[in-house]
Amino acid sequence: SSDLQPTQKLGLFYEYLEMVIQFGFVTLFVASFPLAPLLAFVNNLIEIRVDAWKLTTQFRRATPEKAQDIGAWQPILQGIAILAVVTNAMIIAFTSDMIPRLVYYWSFSVAPYGSHSTPTMEGYINSTLSVFNISDFRSESKPSNPPFWFGSSTICRYRDFRNPPGHEHEYEYNVYYWHEIGRA
C-alpha cells in the first residue's frame, strides 16, 4: 500500500544495535545484577511483538538480500563476551569474600601462620577483624560523646587486616592483607 513507509536506509542496523547494547549490559554486569537476563528476556518477548507489528503495519516489505552471516556484529559480540568474562571475574573478586576466604583457607588456617593441621575455615571471622585500642584515638578524632553502648570498652574491632596494638608495626597492614592483595 502507498501509505506504508519505505524500508529504512540502514535496514536492520538499529535493530542489531539495540540487541548488541542489551547483550552488553546483560553480560557485562550479570554478576552485579543477576536479574538482568530475566528482564532482558521479558523485554525481548515484548520487542518481538512490537517489531512484528511495526514490520507488518508500518513499513513496506523489505527487499530480501543474501547474507552469509551477521557481518561486523559478530566480532563485536565476541569482544563483548570476552570482556564480560573479565568484568564479571573482577566484580566477583573485588566485591565478595571469595578471595579472602580462599586465602585464609589455604594459607592462614595452616602452618606457618595458623595452628590447624589441615585447611579449615575455623577462625576466619576473627582473622578478618582488626583491633583498635580506644585510648589510641588522637584528640581531634576522639568522640566527644560516645554512645551508651560503648560502655567501658577499651578496644574496638573492625573489618580490616591490620597489626594489633603493641605490635612492632602497630596498625599497619599485616601479612594477611598483602597475601590477599597479591592473589587478587
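## Salt bridges and a buried asparagine

Asp97 is partly exposed, its relative accessible area being 25%. That makes a handy starting point for a walk through this predicted model, beginning with the charged pairs.

Asp97 has a partner: its side chain meets that of Arg159 in a salt bridge, with 2.5 Å from N to O. This pair ties together distant parts of the chain, 62 residues apart: Asp97 lies in the loop between helix H3 (73-95) and helix H4 (98-108), while Arg159 belongs to strand E2. Arg159 has a relative accessibility of 51% and counts as exposed, because the cut-off for that class is over 50%.

How many salt bridges does a search of the whole structure find? The search turns up five. In general, side chains of opposite charge can pair when their charged atoms come close. Three of these bridges are set out here.

| Acidic residue | Basic residue | N to O distance |
|---|---|---|
| Asp51 | Lys54 | 3.6 Å |
| Asp97 | Arg159 | 2.5 Å |
| Asp160 | Arg162 | 2.8 Å |

Let us take the pair in helix H2 next. Asp51 and Lys54 both sit in this helix (residues 36-57), and because they are three residues apart, about one helical turn separates them. Their surroundings can be compared by class: Asp51 is buried, with a relative accessible area of 17%, whereas Lys54 is partly exposed at 23%. The closest N and O atoms of this pair are 3.6 Å apart.

Asp160 and Arg162 form another salt bridge, and here the closest N and O atoms are 2.8 Å apart. Arg162 counts as partly exposed, with 26% relative accessibility. Returning to helix H2, there is a wider arrangement to look at: salt bridges with shared partners join Glu15, Asp51 and Lys54 into one network.

Our last stop is Asn163. Where is Asn163 placed? Its place is the loop between strand E2 (155-159) and helix H6 (175-183). Is Asn163 buried or exposed? At 10% relative accessibility, Asn163 counts as buried, since that class takes in values under 20%.

The side chain of Asn163 also has a polar partner, reaching the backbone oxygen of His169 at 3.1 Å. Which residues is Asn163 in contact with, leaving aside its neighbours within four places in sequence? They are His169, Glu170, Tyr171, Glu172, Tyr173 and Asn174. His169 thus appears twice in the picture of Asn163, as a residue in contact and as the owner of the backbone oxygen that the side chain reaches.

Definitions and conventions:
Residues are numbered from 1 along each chain as its sequence is written. This is a predicted model: local features need pLDDT of at least 70, side-chain atom pairs count only at pLDDT 80 or more; totals for chains, interfaces and linings use all residues. Side-chain values use heavy atoms; hydrogens and water are left out. Helices (H or I, at least four residues) and strands (E, at least two) are DSSP runs, numbered from the N terminus. Buried means under 20% relative accessible area, exposed over 50%, partly exposed in between (1.4 Å probe, protein chains only). A polar contact is a pair of N or O atoms within 3.5 Å; within protein, one must be able to donate a hydrogen and the other to accept it, and residues adjacent in sequence count only if both atoms are side-chain atoms. Contact means heavy atoms within 4.5 Å. A salt bridge is a side-chain nitrogen of Lys or Arg within 4 Å of a carboxyl oxygen of Asp or Glu.
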